[in-house]
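Hi,

Here is the structure I promised to pass on to you. Could you keep it open while you read the notes below?

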Amino acid sequence: MTTANKTTSDTNGTNEILIIGAGVAGLAAGCYLQMNGFQTRILERHTLPGGCCTAWTREGYVFDYCIEWLNGTDPNSSPYKVWHELGALNGKSIKTFEQFNRVIDADGQTVNFYTDPDRLEQHLLSISPEDERLIKNFCRYMRRFQKLDLCPPLAPIPLMGWKQKLSMAAEILPQLGLFWRTGGTQMDDFCDQLTHPLLKKTFPLILMQDHGNFSLIPYLYTMAAAGSGNAGFPEGGSLGLSQSIARRYLDLGGKIDYKIKVDRILLEKDGDEQRAVGVKLKNGREIPASKVISTIDGHTTLFHLLEGKYMTPTLDKLYHDILPQEGNTYPGLITVFVGCRKKVGEGEPHSTTYILNEQEAELLPECMQGSILLQHRSRMADGFTPQEGSVIRLAYFTYFDRWDRWRNEDKPHYRRRKEEIITFIRSFLEKHYPGINETIDVIEVATPVTMKRYTGNTGGAILGWKSEEADNLLDRLINKDKMQLPGLKNFYMAGHWVAGGSLIKAAVSGRYVAQFLCKNMNRPFDSGFSNYQGGWHPDEWGLHLERSVSTADQETSADALETITANT
């Protein structure tokens, strides 16, 4: 935090709102503010929009880092309304799959988690008829979730009229029993009740989640949404989604400055309080603003940009009590991409989690949960391979602190560990697809330190908080504090560290900030729902992608995102 100098103060007649971060939350905030007549400018440290929602190329292969499924791909759903307002899915095809995931144990036994609850029930009963009661209950709940249109409310509760609140209550009240039963049952407790050992092992891996602190709700809702076409994979993938929203923002008159790193928030005294009047960049340059919105990592915002001086009891609880406790945020992730010259895995599901045997788990460096997810990404969207070929993504959870220590204190060991991952992946793929090693053109490894360096996310977390207590506190940040900090005027926070994980929550958080600002400025909020007719241009997306990472493609680093970050 920096007190504004005389030059900044004297030039602070600007009406421009600065948004820190061009991730989905920052882009959404910018879009909605531009729709409502505000002048905005986004400052992004990288060379591309999207933050975590990104992709890069190697030797013509597109490595899509983020989306496995996108909530809100059904045009009749509430989340789709948000994506339409942002131009995210306009003109895009959506792929859906019969199986959400397949899980194979170390002995080769398989459980297929179908998105059709009837088919899933029949399959699970064929494996374990003795678990009939639990299986039927799970599938019955899944059918009920398919009938629900779950989405963060499109307006924050403090801005809802009584009719909106009554309408929301009318939707929620009949489902309280469902939410109580499924939200009150942890996945671990559910598995403890199962008698069949195969189901006990495989149920927690439906989503490839570190399932600690998870109730049944995310499993049921996500599979139900996938079955009803509301959790598909969009054409263009992660970067395509981000670039479509960025196009919408620019069409609305917004501005994005890339390769800009914000170092401090500029403040001026305003009576007994302070107010944000701009930002100071890493290079010392100052940019004035009428208001500042931070959509980046919460810890960085609060403890670096603001030097920890605007903490509240809610934030103290989140960052001093909950954050240090293991399991309250998502763990680090190892992601490996493989580009090869032949099609592999034809006829098998697009996504499979393999439970490793004891020897395999020992050989895979720093594997947290003894399993690995394999996805055929080139079957999820067209254009991910240069010609005939395949892109395979493999991922597993790991320990951020170890990778971070090696990266900072022993880089040779860090590189050796990554080479060990590549050796394991080659052996693992050759076992499942004999002859594949002769066709592999490129293998890339991204560690959780890569995520930290690229996005600034605390602990390299892919989605931030993973705690029911944290979720309740996040509600206070929105509904009580209205995404602001007491004692600091003209400053707002958005993004998944404020609104919770998932792309739709990030987008909605940007919508909320715009709504609060409109309320504070006595302006009616306009979502621009019927005004935008922009569409999807895959050729332009591909060209943008190639140009954006062409410099990085010339590097030989085995860590794509770190290479790109170094170039910026």
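What follows is a short tour of the cores, the cavities, a pocket, two backbone angles and a small sheet.

First, the ground rules. This is a predicted model, in which local features need pLDDT of at least 70 and side-chain atom pairs count only at pLDDT 80 or more, while totals for chains, interfaces and linings use all residues. Residues are numbered from 1 along each chain as its sequence is written, and side-chain values use heavy atoms, with hydrogens and water left out.

Let me start with the cores. A nonpolar core here is a set of buried Ala, Val, Leu, Ile, Met, Phe, Trp, Tyr and Cys residues joined through side-chain atoms within 4.5 Å. Buried is under 20% relative accessible area, exposed is over 50%, and partly exposed lies in between (1.4 Å probe, protein chains only). The largest such core counts 136 residues, and W83, F203, L241, I265, V279 and L318 have the most contacts inside it. Its top contributor is helix 20 (residues 503-520), which gives 11 residues. Helices (H or I, at least four residues) and strands (E, at least two) are DSSP runs, numbered from the N terminus. A second, separate core has 31 residues, among them V338, V344, F400 and I425.

Now the empty space. Everything was done on a 1 Å grid over the protein atoms alone: a cavity is a set of points where a 1.4 Å probe fits but cannot get out, a pocket is an open set with protein on both sides within 12 Å along at least five of seven lines, and lining residues have an atom within 4 Å of a point. Grid points are joined across faces, edges and corners, and a volume is the space filled by probe spheres set on the points. For the linings, Ala, Val, Leu, Ile, Met, Phe, Trp, Tyr, Cys and Pro count as nonpolar, Asp, Glu, Lys and Arg as charged, and the others, Gly among them, as polar.

There are two cavities of 30 Å³ or more. The largest holds about 160 Å³. It is lined by 20 residues, of which E68, W69, F97, F100 and H350 are the closest to its centre. Strand 8 (99-104), strand 10 (231-234) and strand 18 (371-376) each give two or more residues to that lining, which has 10 nonpolar, eight polar and two charged residues.

The second largest cavity has about 80 Å³, and its lining includes L315, Y319, D481 and W497. Eight of its lining residues are nonpolar, one is polar and one is charged.

The second largest pocket has a volume of about 500 Å³. Of its 18 lining residues, E326, T329, P331, F400 and D401 are the closest to the centre.

Two residues other than glycine have positive phi. For E366 the value is near 55°; this residue sits in the loop between helix 14 (358-363) and strand 18, and is buried at 13% relative accessible area. For S502 phi is near 100°; the loop between helix 19 and helix 20 holds S502, which is partly exposed at 25%.

Finally, three strands make an open antiparallel sheet in the order 6-10-7, where two strands pair if DSSP finds at least two bridges between them. Strand 6 (70-71) and strand 7 (94-95) are its edges. Strand 6 and strand 10 pair over two bridges, and L70 faces G232 of strand 10.

Best wishes
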